[in-house]
Amino acid sequence: MIFIALAVFSARYSLAENAAIITSPKNIIQGEPLMIRVDGETINDVARILFTGKSLWFFTYNNKPSALFPIDLNQKPGDYKITVKLENGNVIEKTITVTAREKIEEPLGIPAKLGGNTPQAATNLVTNLVKENAVINSVKSALKRYWNEKFIYPVANPIVTDSYGYLRKTGYYTIPHKGTDFRASVDTPVLAMNRGIVRL
C-alpha cells in the first residue's frame, strides 16, 4: 500500500517537473494579445493561471490548458510574472518581458462635412469615439470557448490601410488607433474571424 502511494506521488511529481509555460508571440510588445499554454499538464491538473496576480479564465486549445491576456497599449514596458497553480499544490512560474511599441504619429484630418479641422469638430469626434467604445465594451462575452478553427481575416482579400497602435493627431487631441482597418467597398460582406456570426 505504501509502495503504491509512493509510486503515484512520484509519477505526479515527475509530471510537474516536465510541465512548462509556453507563451506566444515570442516578442511581446505593448498592445499585443498574449497566449499562455501549459505543456505537460491537462486542464484537470491546472487550478489557476495568473498574470501578475490576476486570475485568468483558461480553456483547452490543441489539447493544452491555455489562456489569453490582452497586453494593454499603455502597459508599462518591463518584466511580468505568469504563475500556474496546479491542483496538486505545485506552482510553475515564468517571467516575460513586454517591450515598448514604436509610437508613430500621423495627422488626422477631419472632413469639411464633419466640421473640418476646428476645436469643436475635434471634440465632437472624440465624443463620438467614446460613445462607440462604450458600445463595443458592452458586448457580452461568455466563459466558454465557442471557436475551434483557425482564425481568418474579416474580408476575403485583406488590404490593411491603417494598422493598430499608432497615434492620430487632430491638432487638438491625440487619439490612439485601437484597431486595424481594411480596404473594402461599401456593402462588402464582413466575415466572422472564427466560428460565429457578425453582429456589430
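Where is the place of Gly89, the residue to select before anything else on this tour? Gly89 sits in the loop between strand 8 and strand 9; helices (H or I, at least four residues) and strands (E, at least two) are DSSP runs, numbered from the N terminus. The model is predicted, so local features need pLDDT of at least 70 and side-chain atom pairs count only at pLDDT 80 or more, while totals for chains, interfaces and linings use all residues. Residues are numbered from 1 along each chain as its sequence is written, and side-chain values use heavy atoms, with hydrogens and water left out.

**Stop 1: the loop at Gly89**

Keep Gly89 selected: its relative accessibility is 55%, so it counts as exposed. Here buried means under 20% relative accessible area, exposed over 50%, and partly exposed in between (1.4 Å probe, protein chains only). Now add Leu50, which is 39 residues from Gly89 in sequence and 15 Å away in space, C-alpha to C-alpha.

**Stop 2: the largest nonpolar core**

Next, select Leu34, Ile49, Phe51, Val84 and Ile96. Of the 21 residues in the largest nonpolar core, these five touch the most other members. A nonpolar core is a set of buried Ala, Val, Leu, Ile, Met, Phe, Trp, Tyr and Cys residues joined through side-chain atoms within 4.5 Å. Two or more residues of this core come from each of strand 3 (33-39), strand 4 (46-51), strand 7 (64-70), strand 8 (78-86) and strand 9 (91-99). Strand 8 is the biggest giver, with four residues.

Zoom in on Leu34. Contact means heavy atoms within 4.5 Å. Setting aside neighbours within four places in sequence, Leu34 is in contact with ten residues you can colour one by one: Thr23, Ser24, Ile28, Phe51, Ala67, Leu68, Phe69, Ile71, Ile82 and Ile96.

**Stop 3: a cis bond and two positive phi values**

From Leu34, step to its contact Ser24. Ser24 is joined to Pro25 by a cis peptide bond, with omega about 5°. Pro25 itself belongs to the loop between strand 1 (20-24) and strand 2 (28-29).

Then move to Asn62, in the loop between strand 6 (58-61) and strand 7. What is the phi of Asn62? Phi is near 55°, a positive value in a residue other than glycine. Asn63 is found in the loop between strand 6 and strand 7 too, and its phi is also positive, at about 65°, although Asn63 is not a glycine. Asn62 is exposed, with a relative accessible area of 57%, and Asn63 is exposed at 73%.

**Stop 4: Arg101**

Select Arg101, in the loop between strand 9 and strand 10 (105-107). Is Arg101 buried or exposed? Its relative accessibility is 15%, so Arg101 counts as buried. The side chain of Arg101 reaches the backbone oxygen of Tyr164 at 3.4 Å. A polar contact is a pair of N or O atoms within 3.5 Å; within protein, one must be able to donate a hydrogen and the other to accept it, and residues adjacent in sequence count only if both atoms are side-chain atoms. Not counting residues up to four places away in sequence, Arg101 touches Ile29, Gln30, Gly31, Glu32, Leu73, Tyr164 and Gly165.

**Stop 5: helix 2 and its far end**

Helix 2 covers residues 119-137. Pick Asn137 in this helix, which is exposed with a relative accessible area of 65%. Draw a line from Asn137 to Val91: the C-alpha atoms are separated by 34 Å, with the two positions 46 residues apart along the chain.

**Stop 6: Pro154 and Asn194**

Pro154 lies in the loop between helix 2 and strand 11 (160-162), and at 14% relative accessibility Pro154 counts as buried. Beyond four places in sequence, Pro154 touches Phe182, Pro189, Val190, Leu191 and Met193. Tyr172 is 18 residues from Pro154 along the chain, and their C-alpha atoms are separated by 32 Å.

Finish at Asn194, in the segment after strand 14 (181-182). Asn194 counts as buried, at 10% relative accessibility. A polar atom of the Asn194 side chain lies 2.6 Å from the backbone oxygen of Glu149. Which residues does Asn194 touch, not counting those up to four places away in sequence? Show Trp147, Asn148, Glu149, Lys150 and Phe151.
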